[in-house]
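Please walk me through this structure, starting with the chain as a whole and then moving to its parts. Plain wording is enough.

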Amino acid sequence: MDKWIQIKATFDNKYLDNVCAVMSMVDNSLMIEDYSDVEKDLDGVYGDLIDEELLKKDKTVASVSVFIPEIKSPAESEGFIKSRLAETGIPATVEHIGVSEEDWADSWKKYYKPIKTGKQIVIVPVWEKYEPEKGEITVLMDPGMAFGTGTHETTRLCAALLEKYEKAGDRMLDVGCGSGILAICAAKLGAESCFACDIDPNAVRIARENAEINNTPNVQAEVSDLLKQVKRVDGGYDICCANIVADVIIRMAPDIGEYISDKGHIIVSGIITERKDETVAALEACGWRLVDSLTERGWFAGVLEKA
């Protein structure tokens, strides 16, 4: 029987709809705790039936929980939720319930095995032994609490599209880098330089450590609030990955073109298929054209070039 881990986000209830949108990217079955309407429209009779403890709850605070089986790496789900909430600017406390702190860091590792993405790249946990076959490129990962093990559909889709569109010598930009997995994939595929950034300093630290593990000194990881602190390069980056979330990609759409070369590509993901058309339309309105895409289990990743 699977062991289930509860991942719970607590926040000001004015963000309820946005947090639900982020959490539903992990799982559509949400448990919502919002007490703001407990006393609303209650007459004296029904009011007497309300538990006194509910009436004492803070009406300004709400919580949303998802339940993840341990076999599906709840640590990565937690990292995904934290990174997406941070990128969307929502202050929230995220906690995991159902596993001791002593076990949390390692309990999911027994389910994390080498994963092949695309035709060449194999993501290998640092604690696993793997003998690559001819033509395979191995990327070692120790993601810690950062998002990006290769198990999530969005990461695999981006890595597969990187294989297809990156050229040797490209300059690569990774916005919202998490564990640094995509920048390291790009470096192993022959990128000349990779600038990876994330709003979370912990993710940046982990990305730097993973770059060192993989002997990819051409991967530079820095803290940045989306594009605000991104290092510019003459002529622009040749390829950019933004595996974030639809709302943030839409927000970035008017500015991302300033960082990309005239013949460059952007790979966007972290987008549920229901929001694909809206996200692509926002990018097209800013001078981009969709040239390729992949989907997997309700997730969309697209490649765009300047129109």
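What follows goes from overall figures to strands and helices, and then to single residues.

The model is a predicted one. Its chain has 307 residues, and 50% of them count as buried. Along the chain there are 10 helices and 14 strands. The accessible surface amounts to about 14,300 Å², and carbon and sulfur atoms hold 49% of that area. Among the contacts with a separation of 6 or more, 69% are between residues 24 or more positions apart.

A good place to begin is a run of parallel strands. Strand β8 covers residues 171–175 and is joined to β9 by 5 bridges, with the two strands running parallel. One of the pairings in this stretch links R171 with its bridge partner in β9, S193. Between β8 and β9 the chain passes through α7, and this β-α-β crossover is right-handed.

Strand β9 spans residues 193–198 and also pairs with strand β10, residues 219–223, in the parallel sense over 5 bridges. Here A196 has A221 in β10 as its bridge partner. The connection uses helix α8, residues 201–213, and together β9, α8 and β10 form a right-handed β-α-β unit. Because 5 of the 6 residues of β9 are buried, this strand is largely enclosed by the rest of the structure.

The helix that leads into β9 can be described in the terms of cover as well. Helix α7 consists of residues 181–188, and 7 of its 8 residues are buried, which leaves it mostly covered. The buried residues in α7 are I181, L182, A183, I184, C185, A186 and A187. After α7 comes G190, which has a positive phi, near 115 degrees.

How many aromatic pairs does the structure hold? There is 1 aromatic pair. Its members are F80 and W299, whose rings meet edge-to-face, with 5.9 Å from centre to centre and 80 degrees between the planes. F80 belongs to helix α4 (residues 74–87) and W299 to strand β14 (residues 299–306), so the pair ties together parts that lie 219 residues apart in sequence. Both F80 and W299 are buried.

Another ring has a charged residue as its partner. R232 lies over the face of Y259, at 4.2 Å from the ring centre.

The residue after position 260 in strand β12 is worth a look. Strand β12 runs over residues 260–272, and S261 is placed in it. Is S261 buried or exposed? S261 counts as buried because its relative accessibility is 10%, and the cut-off for buried is under 20%. Apart from neighbours within four places in sequence, S261 is in contact with G235, G236, Y237, D238 and K306.

V61 can be read in a similar way. It is found in strand β3, which covers residues 61–69. With a relative accessible area of 28%, V61 is partly exposed. Leaving out neighbours within four places in sequence, the contacts of V61 are T10, F11, N13 and E33. V61 and K14 are 47 residues apart in sequence, while their C-alpha atoms are 8.5 Å apart in space.

Two loop residues remain, and both concern the backbone angle phi. Most residues other than glycine have a negative phi. L226 is a residue other than glycine with a positive phi, near 55 degrees. Where is L226 found? L226 lies in the loop between β10 and β11, the latter being residues 237–243. At 9% relative accessibility, L226 counts as buried.

R297 is not a glycine either, and its phi is positive at about 45 degrees. The loop that holds R297 is the one between β13 (288–296) and β14. R297 is exposed, with a relative accessible area of 65%. The two loop residues can be set side by side: L226 is buried, whereas R297 is exposed.

How values were computed. Residues numbered from 1 in each chain as written. Predicted model: local features only at pLDDT ≥ 70, side-chain atom pairs only at ≥ 80, totals over all residues. Heavy atoms only, no water. Helix = DSSP H or I, 4+ residues; strand = E, 2+ residues; numbered from the N terminus. Buried < 20%, exposed > 50% of the residue type's maximum accessible area, 1.4 Å probe, protein only. Contact = heavy atoms within 4.5 Å. Areas by Shrake-Rupley, 256 points an atom, 1.4 Å probe, with all protein chains shown as cover. Phe/Tyr/Trp six-rings, centres within 6.5 Å; stacked < 30°, edge-to-face > 60°. Lys NZ or Arg CZ within 6 Å of the ring centre and 35° of its normal. Pairing = 2+ DSSP bridges. Right-handed = clockwise from strand over helix to strand, strands pointing away.
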